[in-house]
Amino acid sequence: MVELKTLQDAMEHFSAPQNAIDYMVRLRWPDGVVKCPSCGSEDVTWMPSRSLFQCKGRHPKRQFSVKVGTIFEDSPIGLGKWLLIGWMLANCRNGISSHEAARTIGVTQKSAWFMLHRLRAAAQEDVHTEPLFDEVECDETYVGGRTKFKHARKIAQLPQKPSIHDKTPVMGILQRGGAVRAMVVKNHKRVYLHAEIKKHVAPGSTLYTDDLHSYRGLPDYVHHYVDHSTKYVNGQVHTNGLENFWSLLKRCVKGTYIQVRPEHLQAYVAEQVFRYNSRKKLGVSEEKRFSTLLEGTTGKRLTYEELITR
Ligand SMILES: [Zn+2]
């Protein structure tokens, strides 16, 4: 098995279609036993002339490619191109624009945009089995429009309140020294922020927030807050970890994606969360990050129709 260290390695390796297929097969079926996505049978043979598997069972769709049952299903774009863009999305700090992706693999910008959104869906962690715990920072920011990334209380202090339609609130929850989770929320009212905290943070944990009133009234947690109108850090009481995450998100959205529609913002947030959390683990190679992203491609679908009607 070839070790892939760099984007250059990935480009060379996945330019051979069979390498791309073999990589995906190893990832989906690590024990080497390919299972039919329709009936689960292991009685499956490989047809090299067609680059398809064939199930011995008697049912429709008995011939299937390695893409079936993944986010790549039904895509006419070659698997090698998909894997290359996946590598870039998993590893490029500031994300990758659809224009850049289109130029890299020779597809239209519209196709590249759709590919990137499918890969973002793979990056989105749907099920969180373990809650965050111990020391946890919570904070919220606004993304989009003229008031990009201003803090909620700074927006409140603006002489003229900007239209609510041009910015989208995002909440972040970060376990110090651990993972971040971030999600688009309806607004920064107590009911929405409390719901996310209860969903993502183990009771008994210590919460660090600013003095936004919405964070008050959580008896299951130890709560410390800092008044940002006077200072940002008071010993251990700060949200600097999340400020760092917001600045990474900001660089990605402002620098690479330029304009993000509110209905797509959650996807860009998920992408940044994925990279942030995979970078946190020290010594993680580019290939490991890439294969982690690929693991999220199975069992998910995102059609163009679903994407444009979000
Ligand atoms: Zn079958």
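How many bridges join β4 to strand β5 (residues 168–175), and in which sense do the two run? The answer is given in the legend to the second view, and the legends as a whole describe a predicted model.

**View 1. Overview of the protein chain in the predicted model.** The protein chain holds eleven helices and eight strands, and its C-alpha atoms fill a box of roughly 70 × 40 × 35 Å when this is taken along the principal axes. Of the 310 residues in the protein chain, 49% are buried. When contacts are restricted to those between residues at least 6 apart in sequence, 60% of them join residues at least 24 apart.

**View 2. Strand β4 and its pairing with β5 and β7.** Strand β4 spans residues 135–143, and because eight of its nine residues are buried, the strand is largely enclosed by the rest of the structure. Towards β5 (residues 168–175), β4 runs antiparallel, and eight bridges join the two strands; within this pairing, Thr141 has Val170 in β5 as its bridge partner. With β7, by contrast, β4 pairs in the parallel sense over three bridges, and here Glu137 has Tyr208 in β7 as its bridge partner. Strands of a sheet pair through backbone hydrogen bonds, in either the parallel or the antiparallel sense.

**View 3. Surroundings of Thr209 in strand β7.** Thr209 belongs to β7, which covers residues 206–210, and it counts as buried because its relative accessible area is 0%, where the limit for buried is under 20%. Thr209 and Cys138 are separated by 71 residues in sequence, yet their C-alpha atoms are 5.3 Å apart in space. Residues up to four places away in sequence being left out, Thr209 touches Cys138, Tyr215, His223, His224, Tyr225, Val226 and Thr239. With one of these residues, His223, the contact is also polar, joining the side chain of Thr209 to that of His223 at 2.8 Å.

**View 4. The zinc ion and its four donor residues.** Coordination of the zinc ion is provided by the SG atoms of Cys36, Cys39 and Cys55 together with NE2 of His59, at 2.1 to 2.3 Å. The angles among the four donor atoms are 107 to 112 degrees, and the site is tetrahedral. Along the sequence the donor residues follow the spacing C-x2-C-x15-C-x3-H. Cys36 is placed in the loop between α2 (17–28) and β1 (44–47), whereas His59 is in the loop between β2 (52–55) and β3 (63–64), so this pair ties together parts that are 23 residues apart in sequence. Cys36 has a relative accessibility of 3% and therefore counts as buried.

**View 5. The open sheet formed by β1, β2 and β3.** Three strands make up this open sheet, in the order β1-β2-β3 and with antiparallel pairing. Strands β1 and β3 are the edge strands, each of which pairs on one side only. Between β1 and β2 the antiparallel pairing extends over four bridges, and Trp46 has Phe53 in β2 as its bridge partner.

**View 6. Helix α4 and the helices packed against it.** In helix α4, which comprises residues 98–105, the buried residues are Ser98, Ala101, Ala102 and Ile105. They lie on the same side of α4 because the arc that they cover around the axis is only 100 degrees. These buried residues pack against α3 (79–91) and α5 (109–123). Following α4 is Gly106, whose phi is positive, near 70 degrees.

**View 7. His194 in helix α7.** His194 is part of α7, which runs over residues 190–200, and its relative accessibility of 8% means that it counts as buried. Apart from neighbours within four places in sequence, His194 is in contact with Ser214, Tyr215, Arg216, Gly217 and Leu218. A polar atom of the His194 side chain lies 3.0 Å from the backbone oxygen of Arg216.

**View 8. Asn277 in helix α9.** Asn277 is located in α9, a helix of residues 262–280, and counts as buried because its relative accessibility is 11%. Its contacts, leaving aside neighbours within four places in sequence, are with Glu125, Ala179 and Val180. For Val180, the backbone nitrogen lies 2.8 Å from a polar atom of the Asn277 side chain.

Note on methods:
Residues are numbered from 1 along each chain as its sequence is written. This is a predicted model: local features need pLDDT of at least 70, side-chain atom pairs count only at pLDDT 80 or more; totals for chains, interfaces and linings use all residues. Side-chain values use heavy atoms; hydrogens and water are left out. Buried means under 20% relative accessible area, exposed over 50%, partly exposed in between (1.4 Å probe, protein chains only). The arc is that of the directions from the helix axis to the C-beta atoms. Contact means heavy atoms within 4.5 Å. Donors are N, O and S atoms within 2.8 Å of the metal (3.2 Å for Na, K and Ca); water is not among the atoms, so sites may look incomplete. Four donors count as tetrahedral if all angles lie between 85 and 135 degrees; four count as square planar and six as octahedral if opposite donors are over 155 degrees apart and all others between 65 and 115; anything else is irregular. Two strands pair if DSSP finds at least two bridges between them. A polar contact is a pair of N or O atoms within 3.5 Å; within protein, one must be able to donate a hydrogen and the other to accept it, and residues adjacent in sequence count only if both atoms are side-chain atoms.
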